[in-house]
Amino acid sequence: MDTHIGNDIQIAAALLEAGELVAIPTETVYGLAANALDSAAVAKIYAAKNRPSFNPLILHLANTNQITDYAFADAMSLKLAHHFMPGPLTLLLPKKEIVPDITTAGSPKVAIRVPDQSLTLSLLNRLHFPLAAPSANPSGYISPTNAHHVMDGLRGKIPYILDGGNTKVGLESTICEVVGKEIILHRAGSISADDLSAFSGLTVVNATNAQINHTIAQSDADNQPATPGQLKSHYAPHTPLYIGNIPQLLQDHAGKKIAVISFDTEYTGATNFKLAPDHQLSTAASNLFATLREIDRLHFDIILAEIFPNEGVGIAINDRISRAQFILK
Ligand code: TXA
Ligand code: MG
C-alpha cells in the first residue's frame, strides 16, 4: 500500500468512512485513527501498530456534548471536560453499549478526549462517528510529533497521513478518572495534577505508586497497570538511555559516543541536545520525542538524560524519560 501525506480532510474523511486508517494530527502527538464504532476498522489499528489486543484505544470526539453519547459521565467529569477540552486531557468513564469491545479492549470503561487541533476538529465535525486513535507509532516506540515521524513508522501500512505540522504540546494527553472524592491520575501530561486539583478542589492521586519508580528492573506482575498502555518500558528509543547526574555518567561511560539530553546546559565530552534554549518546560516537552528520534537516527552508543525540574509539565517529561530508560531484562 502507498502512504500519502497531505492536508485534505475530504480525502481523510472518505478513507475513514470506507473503514480505512488515517493518521491525524492532534495538539499532543499524532494519532492513528479509525471509525471507533466499526470493529473491523478498529482491528486494523491493532494490526498496523502491532499493538497488544489488551491495550484499549482513546475515543476522539468533535466536542464535549458528544461525551454522553458514548459514556456515562458524572457531574465532576463533565465539569473537567467543559473546562479542559478541547485540550490534552483524557477522561476515563463507564462506556455505553454503542462503543464496541474491541475499541476498549474488552474494558467496561472508555477513554475519551476532544483534541485541540483545527484540521482534526474539522475532520471530526464532518464525520458521523468518533475516531478511535492511539499514538501513530509502532507499539513500543516513541510517539510521533510530525507527519514524517508517522511515515517512518507506518509507511506502507496506512493509506493517508493528515499533515498538521509539528504538534504543539509534544507529549501524550493527561489521563484521569474521577472516583468518588478523588481524581486518579493514570498518565501524566501537560495538564498537571496541580492543575486538576486547583480546578476541581479534589485530591489527585497517582494510579499506582509503582508507576512512578521505573528505575529498577521490573517483574511481569509489576507490569500490569490500570491503563494497560502504561507499561514500564515504553516510549523507548533504540539507543540505551540512562538518567541522572550527567558529569558522573559521562565519567562512567568515557570512550563512548554519547548524546546528552539537557534542559539547557552544555556538557563537555558529549554531543549536546538542549531541549529548551528558552528555559521553558513547555518547549522541552514539545522537543523531547523528536530529539529522541534524531539521536536514534545518528547512531550514538548511549543517551544520557538530565532529570528535569519536577513541576508542571516537567513531571510528564520525567515520566516519559524514565519510561525511555534502558532496563536490564
Ligand atoms: O494524547 C493522546 O492521548 C494521544 C493522541 C493521539 O490523542 N493518544 C494516545 O493514545 O496517547 P495511546 O493509545 O498511545 O495511549 C492511550 C493510553 C494507553 O495507556 C491505554 O492503555 C490507556 O490510554 N487507555 C485507553 N483506554 C483505556 C481504558 N478504557 N481503560 C484504561 N486505560 C485506557
Ligand atoms: Mg502510545
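Student: What places a side-chain oxygen of N146 in a polar contact at the start of helix α6?

Tutor: That oxygen reaches to within 2.9 Å of the backbone nitrogen of H148, and the pair qualifies because a polar contact is a pair of N or O atoms within 3.5 Å, one able to donate a hydrogen and the other to accept it within protein, with residues adjacent in sequence counted only if both atoms are side-chain atoms. This is a predicted model, in which local features need pLDDT of at least 70 and side-chain atom pairs count only at pLDDT 80 or more, while totals for chains, interfaces and linings use all residues. Residues are numbered from 1 along each chain as its sequence is written, chains are lettered from A and ligands numbered from 1 in the order in which they are written, and side-chain values use heavy atoms, leaving out hydrogens and water.

Student: Which residues of α6 are buried, and what do they pack against?

Tutor: Within α6 (residues 147-154; helices are DSSP runs of H or I with at least four residues, strands runs of E with at least two, numbered from the N terminus), the buried residues are A147, H149, V150, M151 and L154. They pack against β1 (4-6), β2 (22-24), β3 (31-35), α2, β8 (160-162) and α9, and the helix is followed by G156, whose phi is positive, near 85°.

Student: Why is the pair formed by F84 and F199 given its particular name?

Tutor: The ring centres of F84 and F199 are 5.5 Å apart and the planes stand at 80°; rings of Phe, Tyr and Trp (its six-membered ring) pair if their centres lie within 6.5 Å, with planes under 30 degrees apart called stacked, over 60 edge-to-face and the rest tilted, so the pair is edge-to-face. F84 lies in helix α4 (residues 75-84) and F199 in helix α7 (residues 193-200), so the pair ties together parts that are 115 residues apart in sequence.

Student: How do you know whether F84 is buried or exposed, and what of F199?

Tutor: Buried means under 20% relative accessible area, exposed over 50% and partly exposed in between, with a 1.4 Å probe and protein chains only. At 12%, F84 therefore counts as buried, whereas F199, at 26%, counts as partly exposed.

Student: What makes F273 and F300 an aromatic pair, and of which kind?

Tutor: Their ring centres are 5.9 Å apart and their planes stand at 85°, so this pair is edge-to-face. F273 lies in strand β14 and F300 in the loop between α9 and β15, so parts 27 residues apart in sequence are tied together; F273 is buried at 15% relative accessible area, as is F300 at 10%.

Student: Why are β12 and β14 said to stand at the edges?

Tutor: The open sheet has the order β12-β15-β13-β14, with parallel pairing. β12 (241-243) and β14 (271-274) each have a single partner strand, so one side of each is left without a neighbour in the sheet.

Student: How do you know that β13 and β14 pair?

Tutor: Two strands pair if DSSP finds at least two bridges between them, and 4 bridges join β13 (residues 258-262) to β14, so the criterion is met. In this parallel pair, V260 stands opposite N272.

Student: In what sense do β4 and β5 pair with β6?

Tutor: β4 (residues 58-60) and β6 pair in the parallel sense over 3 bridges, whereas β5 (residues 89-94) and β6 pair in the antiparallel sense over 4 bridges.

Terms used:
Contact = heavy atoms within 4.5 Å.
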